Amino acid sequence: EYFQKEAPKDFILVELDFPRKKKIPEKLAAKNRELAAKYEIRGYPTILLCSPDGVPYGKTGYKAGGPEGYVEHLRSIKKAALQLKEIENELTGLKGIDRARKLDQKLKIAEVLGSRIDPVKIGQEIQSLDSDNKAGLKFKYQSREILGRIEKNITQGEDPDKILKEIEGLLGTLKPLKEELQRAQFMRGWIYAKAKND
């Protein structure tokens, strides 16, 4: 009842049903499959927040916290989308460190939204804009790029000792970057546990 009362204050609700056991008409099932492909739905439930013309600006799923928490979660996504739009407008004409900082903000908000923005491409632009690392952004995005490559090597079954050596070389330099440091330590622990049975 809370959700049904509160959510329509901010959103027009549309439900598409993809039943597993219940039989639905083939025409409806075909339309559902078409929409699932269009919006790249990978699991259920998937909640898309869209503009009036059907362009998604946010993607989420189940969240604990009951209807009150969920309505607040949806509102926070909407707020982040508005912030992202403001940042896009502010980026016009920005150069150098100011642009790098604004792009960093853009990526943080895009992560909240589950947006399709290419973080590698933007990260590379940030690195070139902060080439002397004055804002601390070049090193942050270089580290993320290296960690992304290491993760890929792990999933492709590269030599665990080679990967560990690369992680160990990176760990000492990651101390000011808590999120990246935690990610590297997790990868190291995973390799010891899974690949080396240690």
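Before we start: helix axes here are lines fitted to C-alpha atoms over the stretch in contact, and the angle between two of them runs from 0 to 180 degrees between N-to-C directions. Keep in mind that you are looking at a predicted model.

**Exercise 1. Two helix pairs**

Task: At what angle do α5 and α6 pack, and how far apart are their axes? Then do the same for α6 and α7.

Solution, step by step:

1. Two packed helices are described by the angle between their axes and the distance between the axes.
2. Take α5 (residues 119–129) with α6: the angle is about 145°, and the axes lie 8 Å apart. The crossing of this pair is left-handed.
3. Next, who touches whom? From α5 come Gly123, Gln124, Ile126 and Gln127, and from α6 come Leu137, Lys138, Tyr141, Gln142 and Glu145. Sorted by class, that makes three nonpolar, four polar and two charged residues.
4. Now go to α6 (residues 137–155) and α7 (residues 160–171): here the angle is about 160° and the axes are 11 Å apart.
5. Angles over 145 degrees count as roughly antiparallel. So α6 and α7 are roughly antiparallel to each other.
6. The crossing of α6 and α7 is left-handed. On the α6 side the contact uses Ile146, Leu147, Arg149, Ile150, Asn153 and Ile154, while α7 brings Ile163, Glu166, Ile167 and Leu170. The classes for this contact are seven nonpolar, one polar and two charged residues.

**Exercise 2. Buried or not?**

Task: Is Asn153 buried or exposed, and which residues does it touch? Try Glu6, Thr60 and Ala184 as well.

Solution, step by step:

1. The cut-off you need: buried means under 20% relative accessible area.
2. Asn153 sits in helix α6. Its relative accessibility is 17%, so Asn153 counts as buried. Skip residues up to four places away in sequence, and Asn153 touches Glu158, Ile163 and Glu166.
3. Glu6 belongs to helix α1. With 11% relative accessibility, Glu6 is buried too. Its contacts, leaving aside neighbours within four places in sequence, are Val71 and Arg75.
4. Thr60 is part of strand β2 (residues 56–60). At 13%, Thr60 also counts as buried. Not counting residues up to four places away, Thr60 touches Pro45, Thr46, Ile47, Leu49, Tyr70, His73, Leu74 and Ile77. Pick Ile77 from that list: Thr60 and Ile77 are 17 residues apart in sequence and 8.9 Å apart in space, C-alpha to C-alpha.
5. Ala184 is in helix α8 (residues 178–195). Its value is 0%, so Ala184 is buried. Beyond its neighbours within four places in sequence, Ala184 contacts Leu147, Ile167, Leu171 and Leu174. For a distance check, go from Ala184 to Leu137: 47 residues apart in sequence, 18 Å apart in space, C-alpha to C-alpha.

**Exercise 3. The aromatic pair**

Task: How many aromatic pairs does the structure hold, and which residues form a pair?

Solution, step by step:

1. The structure has one aromatic pair.
2. Phe18 and Tyr44 form it, with 5.1 Å from centre to centre and 35° between the planes.
3. Planes under 30 degrees apart count as stacked and over 60 as edge-to-face, with the rest as tilted. So the pair of Phe18 and Tyr44, at 35°, is tilted.
4. Find the partners in the chain: Phe18 is in the loop between α1 (2–6) and α2 (26–38), and Tyr44 is in the loop between α2 and β1 (47–50). They are 26 residues apart, and the pair links distant parts of the chain.
5. Phe18 has a relative accessible area of 26%, so it is partly exposed.

**Exercise 4. Backbone oddities**

Task: Which peptide bond is cis, and what is the phi of Glu40 and of Asn133?

Solution, step by step:

1. Start with the background: most residues other than glycine have a negative phi, and most peptide bonds are trans.
2. The bond from Tyr44 to Pro45 is cis, with omega near 0°. Pro45 lies in the loop between α2 and β1.
3. Glu40 is in the loop between α2 and β1. Its phi is positive, about 55°, although Glu40 is not a glycine. With a relative accessible area of 34%, Glu40 is partly exposed.
4. Asn133 is in the loop between α5 and α6. Its phi is near 60°, again a positive value in a residue other than glycine. At 30% relative accessible area, Asn133 is partly exposed.

Definitions and conventions: Residues are numbered from 1 along each chain as its sequence is written. This is a predicted model: local features need pLDDT of at least 70, side-chain atom pairs count only at pLDDT 80 or more; totals for chains, interfaces and linings use all residues. Side-chain values use heavy atoms; hydrogens and water are left out. Helices (H or I, at least four residues) and strands (E, at least two) are DSSP runs, numbered from the N terminus. Angles under 35 degrees count as roughly parallel, over 145 as roughly antiparallel, 65 to 115 as roughly perpendicular and the rest as oblique. A crossing is left-handed if the near helix is turned anticlockwise from the far one by less than a right angle, and right-handed if clockwise. Contact means heavy atoms within 4.5 Å. Ala, Val, Leu, Ile, Met, Phe, Trp, Tyr, Cys and Pro count as nonpolar, Asp, Glu, Lys and Arg as charged, and the others, Gly among them, as polar. Rings of Phe, Tyr and Trp (its six-membered ring) pair if their centres lie within 6.5 Å; planes under 30 degrees apart count as stacked, over 60 as edge-to-face and the rest as tilted. Buried means under 20% relative accessible area, exposed over 50%, partly exposed in between (1.4 Å probe, protein chains only).
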